[in-house]
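Colleague: Please take one part of this model and go through it closely. I would like one connected account, with the surroundings included.

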Amino acid sequence: MSTPVLPSGVEGAPGSVEKCPLDFARGERFSIGQHHVGQALEAELRVFAPFLCPELRLWLLPPEARSWHATDPLALGMPYWAFAWPGGQVLARYVLDHPTLVKGKRVLDFGSGCAIEGVAAAKCGASVLCADLDPLAGVSALHNASLNEVALEVTTAELIGSSLEVDVILAGDVCYEPELAARLLPWLRAQARRGVQVLIGDPLRVPEALEDTARLATLEASFDGDPRGLTLWPTHVLAFR
Ligand SMILES: C[S@@+](CC[C@H](N)C(=O)[O-])C[C@H]1O[C@@H](n2cnc3c(N)ncnc32)[C@H](O)[C@@H]1O
């Protein structure tokens, strides 16, 4: 895939970029209505310089994309990987501003989606594993790595509860449902107790779940599905106390 030519620091306007060659055949969750929705998504993905990280490039859906609104969550699940969520943006910014946190380290990007944090860590010299249950997130992560000329590994394995050999875990915007937060946070806390550096990027959608964390930074991230920064939202980089 060649790098699209973009106006400096600006999103890819429709028509100015290549279509994203995502391999939708690998997305098992697209087996219902695969042809229609898969092609619509693929056609509408554009290269954006994400709001908080203008030095990165990501294949994302613009908010006006019809396929976002047409997506049937019952059939597909939402294409979370087609957005750079506020939590991921602040983690990526934090890592880019503090590269020694990850340089030369083994980093897990948990709930990676488009892998904005994983791409940022890889740019800083980390070896990165992106984990997301959605197979298309893995495909998206690999394409975004390629767009930024870095390498990543991906997995769709459920890692909550497993024991991992990593130095750093980046968890961007993964506390968006109380049930998920309740399953995930005890595991993340256990990793932090073993000496893994766990950084959570979160706009506090489920604030009570994150009460025992300290704020390392607060940034105004562009809100859900808004790669252009038209709507900003205070979003935190958090670590367990
Ligand atoms: C809101 S998105 C955040 C994506 C990315 N970190 C960002 O900030 O742009 C949350 C992601 O977590 C993934 N996810 C949810 N539960 C998961 C689990 N148990 N293991 C791995 N990924 C999971 C979803 O598929 C989704 O892609």
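Modeller: Start with one pair: Asp 202 stands opposite His 236 in β9. This is a predicted model, and every value below is computed from it. The pair belongs to the contact between β7 and β9 (residues 232-240), which run antiparallel and share three bridges. The part to look at is β7 (197-202), together with the helix that leads into it.

Take β7 itself. Five of its six residues are buried, so the strand is largely enclosed by the rest of the structure. The chain arrives there from β6 by way of α7, and this β-α-β crossover is right-handed. β6 and β7 are also direct partners, parallel, with five bridges between them. One of the residue pairs there is Ala 171 with Ile 200, the latter in β7. So β7 has a parallel partner in β6 and an antiparallel one in β9. In general, strands of a sheet pair through backbone hydrogen bonds, in either of these two senses.

Now the wider sheet. It is open, has seven strands and mixed pairing, and its order is β5-β4-β3-β6-β7-β9-β8. β5 (153-155) and β8 are the edge strands, each pairing on one side only. On average, neighbouring strands are turned by 20° against each other, direction ignored. Elsewhere in the sheet, β3 (residues 106-110) and β4 (residues 127-131) run parallel and are joined by five bridges. Leu 108 has Leu 129 in β4 as its bridge partner.

Back to the connecting helix. α7 covers residues 178-193, which is 16 residues. From first C-alpha to last, α7 reaches 22 Å, close to the 22 Å expected at 1.5 Å a residue. Yet α7 has a kink of about 25° at Leu 184, shortly before the proline Pro 186. Leu 184 is also one of the buried residues of the helix, the others being Leu 185, Leu 188 and Gln 191. An α-helix has 3.6 residues a turn, so residues three or four places apart point the same way. The cover over the buried residues of α7 includes β6 (168-172) and β7. Those are the two strands that the helix connects in the crossover.

The loops deserve a look too. Most residues other than glycine have a negative phi. Asp 173 departs from that sign, with a positive phi near 55°. Asp 173 sits in the loop between β6 and α7. Is Asp 173 buried or exposed? Asp 173 counts as buried because 27 C-beta neighbours lie inside 10 Å, and the cut-off is 20 or more.

At the other end of the helix, Gly 195 comes just after α7 and takes a positive phi of about 105°. Past β7, Leu 204 has a positive phi near 60°, and Leu 204 is not a glycine. Leu 204 lies in the loop between β7 and β8 (213-222). With 16 C-beta neighbours inside 10 Å, Leu 204 counts as partly exposed.

Finally, the setting. The chain holds seven helices and nine strands. Of its 241 residues, 46% count as buried. Among contacts between residues at least 6 apart in sequence, 68% join residues at least 24 apart. Within that chain, β7 is largely enclosed, with β6 and β9 as its partners and α7 on the path that leads into it.

Definitions and conventions: Residues are numbered from 1 along each chain as its sequence is written. This is a predicted model: local features need pLDDT of at least 70, side-chain atom pairs count only at pLDDT 80 or more; totals for chains, interfaces and linings use all residues. Helices (H or I, at least four residues) and strands (E, at least two) are DSSP runs, numbered from the N terminus. The expected span of a helix is 1.5 Å times one less than its number of residues. The bend at a residue is the angle between axes fitted to the seven residues ending there and the seven starting there. A residue is buried if 20 or more other C-beta atoms lie within 10 Å of its own, exposed if 12 or fewer, and partly exposed in between; C-beta atoms are placed from the backbone. Two residues are in contact if their C-beta atoms, placed from the backbone, lie within 7 Å. Two strands pair if DSSP finds at least two bridges between them. A crossover is right-handed if, with the strands pointing away from the viewer, the path from the first strand over the helix to the second runs clockwise. Axes are lines fitted to C-alpha atoms, for helices over the stretch in contact, and angles run from 0 to 180 degrees between N-to-C directions.
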